[in-house]
Protein chains: 2
Amino acid sequence: MSTPNLAITRPRGKPRGRPKVDPNDSETRQRLIRAGLECLTEKGYRAVAIDEILAVAGVPKGSFYHHFSSKADFGLHLVEAYGTYLAGLLDRCLLNETLKPIDRLRAFTQHAEDSMARFDFQRGCLVGNLGQEMATLPASFRERLVDVLIDWQRRTTVCLDAAKDCGELNDTTDTEALATFFWTGWEGAVLRAKMERKAEPLRQFTQTFFQMIETY
Amino acid sequence: MSTPNLAITRPRGKPRGRPKVDPNDSETRQRLIRAGLECLTEKGYRAVAIDEILAVAGVPKGSFYHHFSSKADFGLHLVEAYGTYLAGLLDRCLLNETLKPIDRLRAFTQHAEDSMARFDFQRGCLVGNLGQEMATLPASFRERLVDVLIDWQRRTTVCLDAAKDCGELNDTTDTEALATFFWTGWEGAVLRAKMERKAEPLRQFTQTFFQMIETY
């Protein structure tokens with residue numbers, strides 16, 4: 001276990017023979033979150049033990065429990081962090097006024113594909129992974145996962161409203177329903193890209209989706 | 001652990017103090033498969049131990065290993081059994097010539113919703129569950145899961161071809177691409193219905209899908 005780039009302190013009276021990470025260090029917390037996202041977007045919640053997170057993060061167990069009360073608490077923070085990360089990516093794409101609104105949504109799907117390709121299509125969407133595991137997760141996850149999806153859908157609805165305003169979508173389009181449809185289908189496409197470990201499921205989904213909304 | 005409705009035999013020289021199930025009994029095998037489908041459509045592969053399957057099936061461990069060489073072998077047989085079960089449901093709906101082709105596909109989605117409702121939306125699609133877990137499953141699962149999806153899509157394509165023939169779909173519709181799109185999105189909808197534990201995600205998906213193909 002390595003602890004690069006961290007201030008090392010040794011709590012008085014507790015010599016343990018290995019370097020200690022400052023448990024108050026917000027960078028330690030960030031490293032745990034990053035390691036958690038890496039592991040859980042690939043393997044889901046149940047398959048990943050805290051020890052694996054610690055090994056990837058290079059952080060001792062005490063620091064984990066300084067920042068998080070339990071694996072479930074950690075998982076909920078991961079959902080929040082992932083929701084925020086993806087909301088940022090969505091905003092960068094969907095608020096990019098140099099593109100027409102529908103092309104902004106296309107750009108998001110391309111970014112997401114590029115991101116999955118970087119990890120050889122082994123990492124999927126944390127919300128999809130944990131949603132699939134809902135039967136064995138603490139009940140507190142349900143509301144948080146749904147909230148994150150609703151937030152992404154809200155941002156997507158704004159983009160589809162802009163598409164309607166500029167005539168890219170029919171005046172009568174229910175943009176909220178279409179954003180929900182997009183996200184439901186997109187989660188299916190990401191699941192399938194992970195299952196098949198290739199880009200085609202994403203491309204097949206987006207090609208048909210964007211063709212369909214042209215005439216919708 | 002109970003063993004109802006089974007022929008009970010006791011192997012010579014191996015008195016164990018509890019009734020034995022005939023390991024050659026194909027009903028025992030079916031009970032294991034049924035129990036496996038119950039458990040894995042809810043919790044996925046990793047979260048379910050063989051002991052849980054045995055308890056649900058009311059079958060001793062020896063019988064399990066008579067029929068299956070390992071949990072992975074059992075899992076692959078579950079995928080096959082689930083694929084066949086759903087292909088049968090698809091055929092009953094999609095080959096029902098008393099309905100117009102698109103209504104046959106609607107009937108399938110309604111059957112699937114009814115089926116999820118019977119288990120309070122806690123059981124999803126085995127292929128979706130295991131697909132989501134692909135990173136931690138034996139590699140042999142990938143091809144089998146993909147094959148099952150392709151089989152369902154093929155049956156759906158035939159129905160969409162019939163819809164094209166009778167003017168319910170545009171002449172230029174790529175029915176194979178549309179069937180793939182349907183299944184990718186439907187898996188997303190089932191995942192989300194399980195996550196939210198309610199019917200709405202299925203209904204939102206089907207409502208928009210069937211509206212969209214009217215103008216596609």
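Here are a few worked exercises on the predicted model shown above. Before you start, residues are numbered from 1 along each chain as its sequence is written, chains are lettered from A and ligands numbered from 1 in the order in which they are written. Local features need pLDDT of at least 70, side-chain atom pairs count only at pLDDT 80 or more, totals for chains, interfaces and linings use all residues, and side-chain values use heavy atoms, with hydrogens and water left out.

**Exercise 1. Describe the fold of chain A.**

Step 1: Start with the secondary structure, where helices (H or I, at least four residues) and strands (E, at least two) are DSSP runs numbered from the N terminus. Chain A has 9 helices and 0 strands.

Step 2: Turn to burial, where buried means under 20% relative accessible area, exposed over 50%, and partly exposed in between (1.4 Å probe, protein chains only). In chain A, 53% of the 216 residues count as buried.

Step 3: Look at the contacts, meaning heavy atoms within 4.5 Å. Taking contacts in chain A between residues at least 6 apart in sequence, 63% join residues at least 24 apart.

**Exercise 2. Work out how α5(B) packs against α7(B).**

Step 1: Find the geometry, using axes that are lines fitted to C-alpha atoms, for helices over the stretch in contact, with angles from 0 to 180 degrees between N-to-C directions. The axes of α5 (residues 101-118) and α7 (residues 140-165) of chain B come within 7 Å and cross at roughly 145 degrees.

Step 2: List the partners. From α5(B) come P101(B), I102(B), R104(B) and L105(B), which meet T156(B), C159(B), L160(B), A162(B) and A163(B) of α7(B).

Step 3: Sort them by type (Ala, Val, Leu, Ile, Met, Phe, Trp, Tyr, Cys and Pro are nonpolar; Asp, Glu, Lys and Arg are charged; the others, Gly among them, are polar). This contact has 7 nonpolar residues, 1 polar and 1 charged.

**Exercise 3. Classify two aromatic pairs in chain B.**

Step 1: Apply the rule: rings of Phe, Tyr and Trp (its six-membered ring) pair if their centres lie within 6.5 Å, and planes under 30 degrees apart count as stacked, over 60 as edge-to-face and the rest as tilted. Over all chains, this gives 39 aromatic pairs.

Step 2: Take Y82(B) and Y85(B). Their ring centres are 5.8 Å apart with planes at 50 degrees, so the pair is tilted. Both residues lie in helix α4 (residues 71-94) of chain B, 3 residues apart, about one turn of the helix. Y82(B) is buried at 9% relative accessibility, whereas Y85(B) is partly exposed at 40%.

Step 3: Now take F205(B) and F209(B). Here the centres lie 5.9 Å apart and the planes are at 15 degrees, so this pair is stacked. The two sit 4 residues apart in helix α9 (residues 200-214) of chain B, about one helical turn. F205(B) is buried at 2%, and F209(B) is buried at 0%.

**Exercise 4. Inspect two loop residues of chain A with positive phi.**

Step 1: Begin with D120(A), which is not a glycine yet has a positive phi of about 55 degrees. D120(A) belongs to the loop between α5 (101-118) and α6 (126-132) and is partly exposed at 39%.

Step 2: Continue with R197(A), also a residue other than glycine, with phi near 55 degrees. R197(A) is found in the loop between α8 (175-196) and α9 (200-214), and its relative accessibility of 32% makes it partly exposed.
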